[in-house]
Every structure is written in C-alpha cells, then in structure tokens.
Amino acid sequence: MTTDTYQDRLERFRTGRWTAGVIGLGYVGLPLAVTAASRGLDVIGFDIDPRRVAALDGGTSHVEDVTDEELEAALAAGARFTADEAHLREADALFIAVPSPLGRNRQPDMSFIESAAATVARVARPGQLVSLESTTYPGTTEDHLLPAVRSAGLELDRDVWVTFSPERVDPGNVLQTGDIPKVVGGVSEASGAIGAAAYGRLVDNVHLVSTARAAELTKLLENTYRAVNIAMVNELAQVAHAFDIDIWEVVGAAATKPFGFQPFYPGPGVGGHCIPLDPQFLAWRARELRVTTRFIDLAEDINLHMPDYVTGRIAALLNERQRSIAGTRILGVGVAYKPNIADDRESPAIDVLRLLERRGAELGVLDPHVPPDRLERHGFTATEHADDLSEWDLAVVLTDHDAIDYAALAEQVELVFDTRGVYRRKGIDAPNVVSL
Ligand SMILES: NC(=O)c1ccc[n+]([C@@H]2O[C@H](COP(=O)([O-])OP(=O)(O)OC[C@H]3O[C@@H](n4cnc5c(N)ncnc54)[C@H](O)[C@@H]3O)[C@@H](O)[C@H]2O)c1
C-alpha cells in the first residue's frame, strides 16, 4: 500500500534537498558521506569514536581514498561530524556502515550491527529511510533493522522504509563511490523504491533487486567468487611448481583468451576486511539452515594455508643453499593486504612473517604505506627503503606496492622470493629472484 507520505518521500528523495545520516565513518562510511556532500545533500556523519570525529571535524581524513581536500570541501558544503547520535534525528535517510567482523571462532560478530540498530531504535522518526551497508548474511536487515524501527513505534511502508545496499568500495581503486553501480533491495516493495530513489542521488547507477535478502546475497556472491577463484589459482600455483611450470606465464597466456576466462593471480593468501570474511557469513548461516558450502570451505582451507606454503618454499630455497630459516636475516616487503594502501587487516603477509619468526628468522619489514608505529605494534622492526638493504640475506615480496624499487631490491639483497609475480609483470629479469 502506498500513501501520500510515500509519494512525498519518493519525490523528495528523488529531487529534493535532504539530509543523509551516516552511521560509522570508516573506509565505507566516510567516502559515502563525502560523496553525499559533493552531490548537494546535507550530511550528518556519526561515529562512536570521538577522536575520529574530532579529526574529521578538523579536516583530517583517516581513509586514503578520501583526501583532506575532499573532506574540507564536504565540511565547507555543510557536512557535520558528531559523536552524539541524537543529531541523526535530523536525517532523512540513515546509512549504516559499521564493521561486521568474524569472532574468535570465525562466527559472525553482529555486535556492531546490533549496536547501530539500537541507535536507529533511539533516533528513528517518521519519514526516514534506513539502509544497512555492512556486509552480512541474508536476512540480517529483516532480523535486526526491521525490529529496531518497529521498536521505535514506526510502521514499515507508512512511517519508514528499510533497505540493504552492499558497499562495493575498493580501497586504492581510482573508481569513486559515485561511479560504482549500487545494488539496492528493500524489505518491502515500497522500501526498494524509496531506497532506489535515495541512492540515485548518491551514485550514477542503481540496480534494484526484489528483496533485501537478494541484495545481501549479491555482495556475498561477489566476494565468494573472488575467494574461490583466488583459491583455485593458489592451488594451481602449487601444482605448477611441482611440474616446474611458471604459473605467471600460464595465467598470462590464458588471459589472452577474449572470452570465458578472467585472470586471478596467486599470492600468499587473501586479506582485508572482505574476501577472507564475507564467505564465512554465508557458510555460517547456511550451516544453520543445514546447507553445506563446500566451495567456500575448500577455498578457505587453501587460502588460509598459503602462508604455510610460502614459508615452506622459503625453507626449501634456503635448504638448497645449505641454510635454514633459523638465523637467516629475512626482509618482508609489503605488509598491507593489497598494493598501495595502508590497510593491514587480516593480511596474509603478517601470517607469513609470524611463521618465519617462529622458525627463527631475524626479521625486518619494509612497507611504505603502513605507518612504522603500526608495524612496531605487530612486533616488527620497520626498515626504510632508503636504508642499505644489503644486510638482508633474503627478501620476500608479500605485497606489490608501486612505491618499491624492485630492481634496486634485487640488486641489493642476495635472494628474493616473489609471491606476487611483480618481477614478471614489470619485466625485471634478475637471476636471484624466484617466483611463487
Ligand atoms: N573496507 C572495505 O573495503 C569494505 C568494502 C565493502 C564493504 N565493507 C563492509 O562495510 C562495513 C564497514 O567496514 P569499514 O571498512 O568501513 O569499517 P571501519 O572499521 O573502517 O569503520 C567502521 C566505523 O564504524 C564505527 N562504529 C562502530 N560501531 C559503531 C556504532 N555502533 N555506531 C557508530 N559508529 C560505529 C567505528 O568507530 C569505525 O569508525 C563492514 O561490514 C565491511 O564488511 C568494507
């Protein structure tokens, strides 16, 4: 049933000036807030971390994809950041971008989504759209957000509309939030329509699906697809090595096929806040429904064991030279989970470095993006690129940041183990470089 209010809101979201409230100002929420401001909307960004809010208010961005200039422009356009949730009452739409990590036993940790839902329950008012962006299992929006708005005495489709819209931000990618098509699904038909109208102001392309559940599963399909394909090429890398075939040459050759093949590249495992985690949300919920997820389980098994495989390859390389990991001075190059960013969450590079350390290596790390104090908090000794690197016996390239001079690295360090194929890709031919 649609009402006058619904028509009014639809029109207002489509063409009016309205206020976007963003809950959680991290890698996802901050770009969303800045995009909304740049597209002429009023913005209230709320975060429970008062230091983060103060920094943002002062014009300092903690997200690499949002420059201080872009943040300043958003502030100048009237965007406000606050640690006081009461201000969210002014918002016409609430976009929730809080963390959705895995707990100790790799089960979904819903506590952040639950606390954001509790905020919604306290601030929701008639006329609002509430949209969840945090990656999660199908059914979360219905099970967590809908009860929250109802507990505020609001009726779905009369007073409020509720959607899920997965975030596709890709840290380090030149594509900006507004350029990436957005999938939106509502917990009701009217919610979907309202959500599509609102998101149409934030991004150039909106793809409306029939339900919030379909939107939730879309995100999990995207990231399971990546996890499974990366696992497959990681398995093939091990097979290729056993056959004495260069996996990088083979992937490069297969990629010349103009149809039916998308290249994925091997490496020390998968990292970040998404690929290692998201498929587990699906597997966990599927298990509850007594459905097995063999692809997901297998992909996780292979990807989680890549650090062991990399460590084994390094041990074998040293063994060929009558040496052992114990006592060898090893430089880990790249700690972030992917190139050209500072994010080291779930980074497989850290797992490799810990395994090497446990086997007695004398470790150093070089990462031009991850701040030295963070490296030190992991217990690693940070090395500068400008330093003389010849004191290291072996360098293992774990993340292929562009800022590293790989030719100079191979000139200075006796032996280089390249888990990312960066020497192949850059056409640097050095006899002391061995690839995964
Ligand atoms: N980082 C990515 O590349 C990426 C990409 C796609 C999807 N996602 C998903 O987006 C969601 C957010 O991820 P992120 O990387 O932006 O996380 P983040 O850790 O960078 O930021 C989350 C922010 O939320 C704040 N927060 C936590 N609980 C809160 C609450 N109850 N109320 C208000 N603020 C709260 C934190 O203080 C933090 O500033 C996750 O579900 C993630 O899986 C992330």
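Two strands are taken to pair if DSSP finds at least two bridges between them, and in this predicted model strand S9, which spans residues 329-333, meets that condition with strand S10, residues 362-366, through five bridges in the parallel sense. Within this pairing, Val333 has Leu366 of S10 as its bridge partner. The connection between the two strands involves helix H12 (residues 348-358), and S9, H12 and S10 together make a right-handed β-α-β unit. Strand S9 also pairs in the parallel sense with strand S11, residues 394-397, here over four bridges, and in that pairing Ile330 is matched with Leu394 of S11. Strand S9, with these pairings to S10 and to S11, is mostly covered, four of its five residues being buried.

A comparable description applies to helix H7, residues 189-199, which is mostly covered, with nine of its eleven residues buried. The buried residues of H7 are Ser191, Gly192, Ala193, Ile194, Gly195, Ala196, Ala197, Ala198 and Tyr199.

The burial of nonpolar residues was examined next. In soluble globular proteins, nonpolar side chains tend to be buried together. The largest nonpolar core of the model holds 66 residues, of which Val22, Ala33, Val43, Val120 and Val149 touch the most other members. Apart from its neighbours within four places in sequence, Val43 is in contact with Ala20, Val22, Ala33, Ala36, Ala37, Ala74, Ala79 and Arg80. A second core, separate from this one, comprises 43 residues, among them Ile341, Val352, Val397 and Tyr406.

The ligand is surrounded by 28 residues, and those that come nearest are Gly24, Gly26, Tyr27, Val28 and Ser134. By residue type, the shell around the ligand divides into 14 nonpolar, nine polar and five charged residues. Helix H5, residues 111-123, supplies the largest share of this shell, namely four residues.

Helix H5 also contains Ala121. This residue is classed as partly exposed because 17 other C-beta atoms lie within 10 Å, whereas a buried residue would need 20 or more and an exposed one 12 or fewer. When neighbours within four places in sequence are set aside, Ala121 is in contact with Ala148, Ser151 and Ala152. Between Ala121 and Asp179, which stand 58 residues apart along the chain, the C-alpha atoms are separated by 32 Å.

How values were computed:
Residues are numbered from 1 along each chain as its sequence is written. This is a predicted model: local features need pLDDT of at least 70, side-chain atom pairs count only at pLDDT 80 or more; totals for chains, interfaces and linings use all residues. A crossover is right-handed if, with the strands pointing away from the viewer, the path from the first strand over the helix to the second runs clockwise. A residue is near a molecule or strand if its C-beta atom, placed from the backbone, lies within 6 Å of it. Ala, Val, Leu, Ile, Met, Phe, Trp, Tyr, Cys and Pro count as nonpolar, Asp, Glu, Lys and Arg as charged, and the others, Gly among them, as polar. Two residues are in contact if their C-beta atoms, placed from the backbone, lie within 7 Å. A nonpolar core is a set of buried Ala, Val, Leu, Ile, Met, Phe, Trp, Tyr and Cys residues joined through C-beta atoms within 7 Å.
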